[in-house]
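Here are a few friendly notes to read alongside the model. They are numbered so that you can take them one at a time.

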Amino acid sequence: MSDELERLEREATDKLESISTEDELATWYRTYLGRQGEVTSAMKGISQRPAEERPAFGQAVNALRNALQEAFDARQDNILAASLRKRLNDEAIDVTLPGRLPQAGNLHPVTKMIRDITRVFGLMGFQTVEGPEVEDAYYAFDALNIPQDHPARDVWDTIFIESDQREIVLRPHTSPMQIRTMEQVDPPVRVVVPGRCYRYEALDATHEWHFHQIEGLAVDTNITMTDLKGTLAEFARQIFGQERKVRFRCDYFPFVEPGVDFAIDCMFCEGSGCRVCSKTGWIELLGAGMVHPNVLRHVGYDPDEYTGWAFGMGIERIVMLKYGIEDIRHFYQGDVRFLSQFNRVLA
Ligand code: PHE
């Protein structure tokens, strides 16, 4: 082989060995084996050679080209394998890393309690309906046997929106939906009505100017106080535990007769008296009673044919009792530290 070819071989082989990237590989190939590479131009130089040297020279160049091609292929395999290894290494996933928990929202505790309570009543055959928060005083009071100028109107600390032609109020209780429901359907009636209520009230640990109630109403033939007591006892035991005792005491609401307050024995002290039950052993949950005949007459039901009962309760109070929350103001301050606690307990 000529000196020139030997030099070319040495140079190309040395360079190939120092190569470590795919880019350098491509450059090397262009420099030596490409169409304008050095080996190719050496081959073209054959015509300048004396005729008798040509066959040997041609063979030598061919051999050089084959050798370099082989060396190139081997080097290329090496480099591709190395870069694949590097990629696999760099992009490896550590499956032992703990996952990142996605931030999930949760239902407001009042929303959750409304669902829990309406589910309990749903199982007893009660339909859930909703009504307007801006209400005509006729539904909020008059039709509920609280005529204008009746002193009982003061009890509800009502927020008035308009009082010229018609009295329009923010409903101070969910009871107007008793009337709206009975106006719509004939007995039998079994509904519960969750919803927002408003009262003109100074804020403190147990009073909010807006809060939620659930109303219950059952009207049919032969509905008695026993049905009321049984239904409320079942509700109380589903929410506060099967062992709860229940108590009825006389109370007054213009739209029921007789009216009662409904209490359960205190689940914090089992009735022996503590701070939560004000040492009485009993916790009052709601007001209730047999629907007043005047109310039935207002919606065109015959009180001689139909009887019914109704109840109304504050939902925040139920949540506070169930989860030991001491201040009603927590509910509507939007503090996620408070709200997110219910993620687990209410799940
Ligand atoms: N609406 C009454 C209140 O807000 C509660 C109640 C409802 C009482 C139904 C008796 C019957 O206090």
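1. The shell around the ligand is a mixed one: seven of its residues are nonpolar, six are polar and two are charged. Please keep in mind that you are looking at a predicted model, so the values below are computed from predicted positions.

2. Which residues come nearest to the ligand? Of the 15 residues around it, the nearest are His173, Ser175, Arg199, Gln213 and Gly312. You may like to pick out these five names in the structure before reading on.

3. Three side chains from that group deserve a look of their own. Histidine 173 places a side-chain N or O atom 2.9 Å from a nitrogen atom of the ligand. For arginine 199, a polar side-chain atom is 3.0 Å from a ligand oxygen atom. Glutamine 213 also has a polar side-chain atom facing a ligand oxygen atom in this list of contacts, at 3.1 Å. As for cover, the ligand on its own has 330 Å² of accessible area, and the protein covers 93% of that.

4. Where does the ligand sit? Its place is the largest pocket. Strand 6 (210-220), strand 9 (282-291) and strand 10 (307-314) are the elements that each give two or more residues to the shell around the ligand. Strand 10 provides the largest share, with three residues.

5. Stepping back to the whole chain, the domain assignment gives domain 1, residues 3-90, and domain 2, residues 109-346. The C-alpha centres of these two domains lie 92 Å apart. Histidine 173, arginine 199 and glutamine 213, with their ligand contacts, have numbers that fall in the range of domain 2.

6. Now for some backbone details. Most peptide bonds are trans, and most residues other than glycine have a negative phi. Against that background, two cis peptide bonds are worth finding. One joins proline 187 and proline 188, with omega about 5°; proline 188 is in the loop between helix 7 (176-184) and strand 5 (189-198). Another joins glutamate 257 and proline 258, with omega about -5°, and here proline 258 belongs to strand 8, residues 256-265.

7. Which sign does phi have at serine 278, positive or negative? It is positive, about 50°, although serine 278 is not a glycine. You will find serine 278 in the loop between strand 8 and strand 9. Strand 9 is also one of the elements that give two or more residues to the shell around the ligand.

Terms used. Residues numbered from 1 in each chain as written. Predicted model: local features only at pLDDT ≥ 70, side-chain atom pairs only at ≥ 80, totals over all residues. Heavy atoms only, no water. Near = heavy atom within 4 Å. Polar contact = N/O pair within 3.5 Å; in protein donor to acceptor, adjacent residues only side chain to side chain. Areas by Shrake-Rupley, 256 points an atom, 1.4 Å probe, with all protein chains shown as cover. 1 Å grid on protein atoms, 1.4 Å probe; cavity = no way out; pocket = protein on both sides within 12 Å on 5 of 7 lines; lining within 4 Å. Sits in = over half its atoms within 2 Å of the grid points. Helix = DSSP H or I, 4+ residues; strand = E, 2+ residues; numbered from the N terminus. Nonpolar A, V, L, I, M, F, W, Y, C, P; charged D, E, K, R; others polar. Domains from an automatic or database assignment.
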